[in-house]
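Student: I would like a close look at a single part of this model, taken slowly. Could you walk me through what surrounds one aromatic ring and then place that part in its wider setting?

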Amino acid sequence: MSEYNQYITAINKIFDYLSKMKVGWTGVDNINYIENIEEYKNIVVNSLNLFTENPEVTNDNVQEVLGDD
């Protein structure tokens, strides 16, 4: 399996587990924590575009590519 496919599989598993936890947990605090994590879904999906467009991106310069000043 390619790194691209592994990344997609990991993303899908994470957000699938979060949706299952959200249904199973009734505590307001827990649901708020899950919703806070879900807010990052678009960022994670957009990082997939960086993963495919810039294969030379390394851990050293990933913050620079993401625009973290």
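Tutor: In this predicted model, Lys-41 lies over the face of Phe-15, at 5.3 Å from the ring centre. That is a charge placed over a ring, within the 6 Å allowed for such a placement, whereas a search of the whole structure for aromatic pairs finds zero of them. Phe-15 also takes part in helix packing, being one of the residues through which α1 touches α2. On the α1 side the contact is made by Phe-15, Leu-18, Met-21 and Lys-22, and on the α2 side by Ile-31, Ile-34, Glu-35, Ile-37 and Glu-38. Helix α1, which covers residues 3-24, packs against α2 at an angle of about 155°, with the two axes 10 Å apart; because angles over 145 degrees count as roughly antiparallel, α1 and α2 are described as roughly antiparallel to each other. Their crossing is left-handed.

As for confidence, helix α2 (residues 28-38) has the highest mean pLDDT among the elements of the chain, at 92, while helix α4 (residues 62-65) has the lowest, at 48. Over residues 61-67 the pLDDT is below 50, and beyond near neighbours in sequence this stretch has six contacts in the model. Where pLDDT is low, the predicted coordinates should not be read in detail. For the chain, the average pLDDT is 78, and 72% of the residues score at least 70.

Notes: Residues are numbered from 1 along each chain as its sequence is written. This is a predicted model: local features need pLDDT of at least 70, side-chain atom pairs count only at pLDDT 80 or more; totals for chains, interfaces and linings use all residues. Side-chain values use heavy atoms; hydrogens and water are left out. Rings of Phe, Tyr and Trp (its six-membered ring) pair if their centres lie within 6.5 Å; planes under 30 degrees apart count as stacked, over 60 as edge-to-face and the rest as tilted. A charge sits over a ring if NZ of Lys or CZ of Arg is within 6 Å of the ring centre and within 35 degrees of the ring normal. pLDDT is the predictor's confidence in each residue, from 0 to 100. Helices (H or I, at least four residues) and strands (E, at least two) are DSSP runs, numbered from the N terminus. Contact means heavy atoms within 4.5 Å. Axes are lines fitted to C-alpha atoms, for helices over the stretch in contact, and angles run from 0 to 180 degrees between N-to-C directions. Angles under 35 degrees count as roughly parallel, over 145 as roughly antiparallel, 65 to 115 as roughly perpendicular and the rest as oblique. A crossing is left-handed if the near helix is turned anticlockwise from the far one by less than a right angle, and right-handed if clockwise.
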